[in-house]
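Take a moment to get the sequence and the 3D view side by side. We'll go through them together, one step at a time.

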Amino acid sequence: MSYFTIFLILIVLVAFFLVVVIMVQNPKGGGLSSSFGGGGNQQIGGVKKTGDFLDKATWFLGTALIVLILASNLTIDSSNTIDSKALDENEATEMPISTPSNTDDTSTSDNTENK
């Protein structure tokens with residue numbers, strides 16, 4: 001497996017987890033963080049701690065996604081330089097296409113000489 005394939009798999013996984021973490025959050029204080037608190041004054045589950053965890057997980061996954069995308073870009077550039085060198089060598093070995101000569105002039109000159 002190439003490095004690009006490994007980075008691609010990691011990018012897909014991080015993006016999936018980022019979507020899950022974002023969907024669990026509710027911008028108005030609801031979502032998963034409020035369900036752990038149980039409502040009222042009961043703080044056993046720790047609504048504040050769950051919200052902090054989801055917030056930190058979002059920032060971490062977002063940063064990891066950007067870093068993985070940039071790192072995969074570096075692997076693409078290094079693999080393309082090898083391929084482009086091979087393409088340049090193939091172009092250098094090909095014969096240039098010559099333009100066809102005007103066949104009408106030669107056929108008319110042959111016809112006039114035979115008469």
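What follows is a walk through this structure, from the overall layout down to single residues.

First, a word of caution: this is a predicted model, so let's check how confident the predictor was. The chain averages a pLDDT of 73, and 50% of the residues score at least 70. Where should you look with the most trust? Confidence is highest in helix 1 (residues 3-24), at a mean of 93, and lowest in helix 2 (residues 32-37), at 56. Over residues 40-45 the pLDDT stays under 50, and for that stretch the model has three contacts beyond four places in sequence. Where pLDDT is low, the predicted coordinates should not be read in detail.

Now zoom out. The chain has four helices and zero strands, so if you trace along the sequence you meet the pattern α-α-α-α. Of the 115 residues in the chain, 17% are buried. The chain exposes about 9,500 Å², with carbon and sulfur atoms supplying 65% of that area. Contacts also reach across the sequence: among those between residues at least 6 apart, 76% join residues at least 24 apart.

Helix 1 is a good place to slow down. How long should it be? At 1.5 Å a residue, its 22 residues should span 32 Å, and the end C-alpha atoms are indeed 32 Å apart, so the two agree. Next, look for what helix 1 hides: Phe 7, Ile 11, Val 14, Leu 18 and Val 21 are buried. These residues cover an arc of only 100° around the axis, which means they sit on the same side of helix 1. The spacing in the sequence is a nice clue here. An α-helix has 3.6 residues a turn, so residues three or four places apart point the same way. Turn helix 1 around, and the face away from its buried side carries the exposed residues Val 12, Phe 16, Val 19 and Met 23.

So what does that buried side join up with? The largest nonpolar core has 12 residues, including Phe 7, Ile 11, Val 14, Leu 18 and Val 21, along with Leu 54, Leu 61 and Leu 68. Helix 1 and helix 3 each supply at least two residues of this core, and helix 3 gives the most, with seven. For a close-up, pick Leu 18: leaving aside neighbours within four places in sequence, Leu 18 is in contact with Thr 58, Leu 61, Gly 62 and Leu 65.

Let's finish with a few single residues. Ser 72 is found in helix 3 (residues 47-93). Is Ser 72 buried or exposed? Its relative accessible area is 7%, so Ser 72 counts as buried. Not counting residues up to four places away in sequence, Ser 72 touches Phe 4, Phe 7 and Ile 11.

Ile 69 also has its place in helix 3, but at 42% relative accessibility Ile 69 counts as partly exposed. The C-alpha atoms of Ile 69 and Phe 7 are separated by 7.7 Å, though these residues are 62 apart along the chain.

Finally, find Ser 2, in the segment before helix 1. Ser 2 is partly exposed, because its relative accessibility is 39%. Ser 2 and Thr 75 are 73 residues apart along the chain, yet 8.9 Å separates their C-alpha atoms.

Conventions:
Residues are numbered from 1 along each chain as its sequence is written. This is a predicted model: local features need pLDDT of at least 70, side-chain atom pairs count only at pLDDT 80 or more; totals for chains, interfaces and linings use all residues. Side-chain values use heavy atoms; hydrogens and water are left out. pLDDT is the predictor's confidence in each residue, from 0 to 100. Contact means heavy atoms within 4.5 Å. Buried means under 20% relative accessible area, exposed over 50%, partly exposed in between (1.4 Å probe, protein chains only). A nonpolar core is a set of buried Ala, Val, Leu, Ile, Met, Phe, Trp, Tyr and Cys residues joined through side-chain atoms within 4.5 Å. Accessible areas come from the Shrake-Rupley method with a 1.4 Å probe; for residues, only the protein chains shown count as cover. The expected span of a helix is 1.5 Å times one less than its number of residues. The arc is that of the directions from the helix axis to the C-beta atoms.
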